[in-house]
Amino acid sequence: MNKFFVLIFASLLLFSCATSRHFPKKLEKEINRSSVFSGAFTGFVLRDPATGKTLCEVNGAKYFTTASNTKLLTLYTCLRTLGDSLPALRWQSDGENLYFEGTGDPTFLHPVLGKYSPVYQFLRFRPEKNLVFSPYNFDDSRFGNGWAWDDFGYNFQCERSPMPIYGNRMAVVGKELTVNPPRFRHFLNPTSIGTETAFVQREELGDRLSISAKADIPENFKQEIPIFWGNLDFNLFLKDTLFRPITTPAKAFFEKLNPRDWQTLFGAPTDTVLRAMMLPSDNFLAEQLLMVCGGKLTDTLSVGRAIEASKKKFLADLPDQPRWFDGSGLSRYDLETPRNMAFLLEKIWHEQPRARVFNLFAAGGLEGTVRDWYKPAPGQPAWLYAKTGTLGGVHCLSGYLTARSGKVLVFSFMHNNFKAPSATYKKEMERVLLKIREAY
């Protein structure tokens, strides 16, 4: 009887091995023949990080517009560059004057992350008589290369700056259209132009706001609008916030200071801000975090310099040369291959503790941009942790899949140039990924 069960077990094991061995070919054919994926340019790579082997590849070496999958490059740069806490401010003092400069840290008075920032208390109650601000370590533009210029008024495209304040945005809230921060309340005026839709327009090169006088404003109305940084008197804004005057002398004045005397004030836990970037796919946080890395890697607040430094120092071993222009993926110039994304995920997996990796990626069916998809069975843990990327005609999904056996696989799905709703592609990817989960 024992021999019989041994034979049965051996047969099942052989069958399982044969199934796993032939599954990748079947998977490749299924992706290529999918009636959904045929409406797009699709790429896919599946890898086993335990062996370093590619299990399946479809157009893996082709370049795709990545959208917010670009944030994986930003995440990796942050993991390699930043410590446990973000540098929040650089400063030095001569007893009478407190000199300070931004680090790109996005948390100062941020509507969600502000509680983690010590900058307000530090500047508000320093004993020095004068606060002297230097903006001269900033060498960047308010928008990234390839961003859509006419998205200036939407909260997903807040501007970059050396020392963000309030998340570089204002909010119009409630039926009474209360404006926060209050200094912008006089910028909002009703207009006879427009429809009954409750939507606040901002002028392109300024902060004047308008809304149709005919608009039906609901009680729970809330709209966040980027601040136009070029029109902002930052020192006056900071004075209104800190109740202390701020001055900014010429650059030559700061060049006389001893560079060795600069000290760093640390603030928010790095992983808290990284998670706030990754789960909801926050573009502003991605841009500013990459700028913080630029300050650490090059002594200059520059997304472009951070990218060049990261490519040389951290990403030189990627299979394909990245085409990388910003921190968020708003740029249509960003191009990556599925095998680059899978390789990068594998690097993260080998370099970071498993718990940290899963904490930084949205859990399928539970949170972030994948909360409505890839759901676990009731009472079961998540089986997919991933980062999405979506623009018009673009949807990408890259992350980690836990198979029924407990094996963790990395994958990258990329779809470009389609007209159907992205939900159509999500549904088909879910079907394919569930098959992979069962097969391994």
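This report walks through one helix, a few strands and some unusual backbone spots in a predicted model.

In this predicted model, local features need pLDDT of at least 70 and side-chain atom pairs count only at pLDDT 80 or more, while totals for chains, interfaces and linings use all residues. Residues are numbered from 1 along each chain as its sequence is written, and side-chain values use heavy atoms, with hydrogens and water left out.

**Helix α4**

Let's start with α4, which covers residues 234–242. Helices here are DSSP runs of H or I with at least four residues, strands are runs of E with at least two, and both are numbered from the N terminus. Which residues of α4 are buried? They are Phe234, Asn235, Phe237, Leu238, Thr241 and Leu242; buried means under 20% relative accessible area, exposed means over 50%, and partly exposed is in between (1.4 Å probe, protein chains only). Looking down the axis of α4, you'd find these buried residues within an arc of 160°, so they line one face of the helix. That arc is taken from the directions from the helix axis to the C-beta atoms. The general background is that an α-helix has 3.6 residues a turn, so residues three or four places apart point the same way.

And what covers that buried set? The cover includes β5 (97–101), α3 (119–124), β6 (130–134) and β13 (246–247), with contact meaning heavy atoms within 4.5 Å. Right after α4 comes phenylalanine 243, whose phi is positive.

**Strands β7, β8 and β12**

Next up is β7 (residues 169–173), where four of the five residues are buried, so the strand is largely enclosed by the rest of the structure. Its partner β12 (residues 222–226) pairs with it in the antiparallel sense over five bridges; two strands count as paired if DSSP finds at least two bridges between them. In that pairing, alanine 171 sits opposite glutamate 224, and valine 173 faces lysine 222. β12 also has four of its five residues buried, so it is largely enclosed by the rest of the structure.

β7 also runs antiparallel to β8 (residues 178–180), joined by three bridges. Here valine 173 stands opposite threonine 178. The two strands make a hairpin with four residues between them, and glycine 174 in the turn has a positive phi of about 75°.

**The six-stranded sheet**

Elsewhere, six strands build an open, antiparallel sheet in the order β2-β1-β19-β18-β17-β16. Its edge strands are β2 (53–58) and β16 (362–363), each pairing on one side only. Within the sheet, β18 (residues 394–402) and β19 (residues 408–416) pair antiparallel over nine bridges, and valine 394 stands opposite asparagine 416.

**Backbone oddities**

As a general matter, most residues other than glycine have a negative phi, and most peptide bonds are trans. Here are some spots worth a look in the viewer.

| Residue | Backbone feature | Place |
|---|---|---|
| Asparagine 59 | positive phi, near 55° | loop between β2 and β3 (64–65) |
| Phenylalanine 243 | positive phi, about 60° | loop between α4 and β13 |
| Proline 181 | cis peptide bond from asparagine 180, omega near 0° | loop between β8 and β9 (188–191) |

How exposed are asparagine 59 and phenylalanine 243? Asparagine 59 counts as partly exposed, at 31% relative accessibility, while phenylalanine 243 is exposed, with a relative accessible area of 61%.
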